[in-house]
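Visitor: Please take me through this model, and for each term explain why it applies.

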Amino acid sequence: MTGRSTRRVAVIEGDDSAPEAVRPVVELIDGLSLGIDWVYPLVGDAAIEASGSALPPASREMIDGADTTLFGSSSGSSSEALIYLRWGKETYANERPCRFLEGARSVLADPHGIDFAIVRENLEDLYVGVEGDLDTLGSLGAKDRSGRPLTETGPGRFAIKTTTVAGSERVIRHAFELARRRQRAGRVTCTAKTNMLPATDGLFTDIARTLAGQYPDIEFETLIIDDFACRMVRDPKRFDVVVMPNLYGDILSDGAAGLIGGLGLAPSGCYGDTYAYFEPAHGTAPDLSGTNTINPTATLLSACMMLRHIGMPDVADALTTAVERIYAEGRHLTPDQGGSATATAFCKAVAGRM
């Protein structure tokens, strides 16, 4: 962050119904007179129409000049901005809190007390995006673990999974530091598929074991990913901070949201060494576009994470408490939570509890 007193936040509203969650959240926070300077980089289809690029240089400069970015959700051309925020800014740690709000529509008989966070490595694993025809590997004489040539069963495709020492160390360290800040159970669980992928997932887990020695105040454990998935459903309250490679984190953090009432309640923050951006974990909900009924809770809680990041923890705590009150009261919830409120009405109700 810069040293100026005014914080500058870049806002990228996203696609489909995502702007209908972002706009009332920004209006709510702006109404608190926090001295935030909101800027709006031109991205996506509008940017293509104006400049021929989905992320023109001026928009990159606006993102670079901001203290952080609040991102809606992307399903189209605005995803180029997301790629820049993620890989361009090297935001390697994706924090996805999973905390039950009293009054939320959980499928569990007793979701009270669920409060853990998944830390997902955000840049490596299969998400490096290196794919191709199997013939490419066949020409190298590549074989599967049974010794058969990879092309023996005919044409197909491959994807490369990468795990680096530096990439693993930084995200695992982020998980341990988060466990210290949360001041809950003081436990980090590292999970991966080490029994089938001992070279890549084994490296990730070995690095976690080594780093655990630097955090004697934090309890540490390892679980195979399928065992973790089972335990997450059966006993989610036992977890505090869970760190895992990219693909598993993408899938299981969405599964975790299902425990507390759905993706409409799932915030996230993506952190790097020099930049961070914040976005709800859900998609763009094109079926809700134009109805003003998308649940803005995930966007609002992501904005609370953002406020903590830019040095406004008291405001973030007050907003979080206001959201908790709205859920406990149950009168201003959106349709996915059994209510009839619009996104705008929900945010106005939160503002009224501040």
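Visitor: Which helix supplies the largest share of the lining of the largest pocket, and what makes a residue count as lining?

Guide: Helix H10 (297-309) supplies the largest share, five residues. A lining residue has an atom within 4 Å of a grid point of the space; on a 1 Å grid over the protein atoms alone, a pocket is an open set of points with protein on both sides within 12 Å along at least five of seven lines, whereas a cavity is a set where a 1.4 Å probe fits but cannot get out. This is a predicted model, in which local features need pLDDT of at least 70 and side-chain atom pairs count only at pLDDT 80 or more, while totals for chains, interfaces and linings use all residues. Residues are numbered from 1 along each chain as its sequence is written, and side-chain values use heavy atoms, with hydrogens and water left out.

Visitor: How many residues line the largest pocket, and which lie nearest its centre?

Guide: There are 27 lining residues, and Glu95, Pro97, Leu178, Met305 and Arg308 are nearest the centre. At least two lining residues come from each of strand S4, strand S5 (115-121), helix H6, helix H10 and helix H11 (313-329). These elements are DSSP runs numbered from the N terminus, helices (H or I) having at least four residues and strands (E) at least two. The volume of the pocket is about 790 Å³, taken as the space filled by probe spheres set on grid points joined across faces, edges and corners.

Visitor: What makes Arg308 partly exposed, and with which residue does Arg308 form a salt bridge?

Guide: Buried means under 20% relative accessible area, exposed over 50%, and partly exposed in between (1.4 Å probe, protein chains only). Arg308 has 37% relative accessibility, so it is called partly exposed. The salt-bridge partner of Arg308 is Asp317, with the closest N and O atoms 3.1 Å apart. A salt bridge requires a side-chain nitrogen of Lys or Arg within 4 Å of a carboxyl oxygen of Asp or Glu, so this pair qualifies. Asp317 is likewise partly exposed, at 37%. Elsewhere, shared partners link Asp115, Arg182, Arg184 and Asp240 into one salt-bridge network.

Visitor: How many salt bridges does the structure hold, and why does the one between Arg120 and Asp250 tie together parts distant in sequence?

Guide: The structure holds 25 salt bridges. In one of them the side chains of Arg120 and Asp250 meet at 3.6 Å, N to O. Arg120 belongs to strand S5 and Asp250 to helix H9, so this pair connects parts 130 residues apart in sequence. At 3%, Arg120 is buried; at 21%, Asp250 is partly exposed. Another salt bridge joins Asp144 and Arg148 at 3.3 Å; Asp144, at 24%, is partly exposed, as is Arg148, at 40%.

Visitor: How many cavities are there, and which residues line the largest cavity?

Guide: Two cavities of 30 Å³ or more are found, and the largest holds about 70 Å³ of space. Its lining includes Arg96, Pro97, Cys98, Ser253, Asp254 and Ile260. Strand S4 (93-99) and helix H9 (246-260) each contribute at least two lining residues, H9 giving the largest share with five.

Visitor: How do you know how many disulfides there are?

Guide: A disulfide is a pair of cysteine sulfur atoms within 2.5 Å, and the count is zero. The sulfur of Cys270 has its closest cysteine sulfur in Cys304, 17 Å away, which is too far for a bond. Cys304 is in no disulfide either, the nearest cysteine sulfur being that of Cys347 at 11 Å. Cys270 is buried, with a relative accessible area of 1%, and Cys304 is also buried at 1%.

Visitor: Why is Ile160 called partly exposed, and which residues form a nonpolar patch on the surface?

Guide: Ile160 has 34% relative accessibility, so the term partly exposed applies. Ile160 lies in the loop between strand S7 (157-159) and helix H6 (165-182). Together with Val128 and Val130, Ile160 forms a nonpolar surface patch of about 190 Å² accessible area, computed by the Shrake-Rupley method with a 1.4 Å probe, only the protein chains shown counting as cover for residues. Patch residues have over 30% relative accessible area and no salt bridge; like charges are joined within 9 Å, and nonpolar side chains (Val, Leu, Ile, Met, Phe, Trp, Tyr) within 5 Å.
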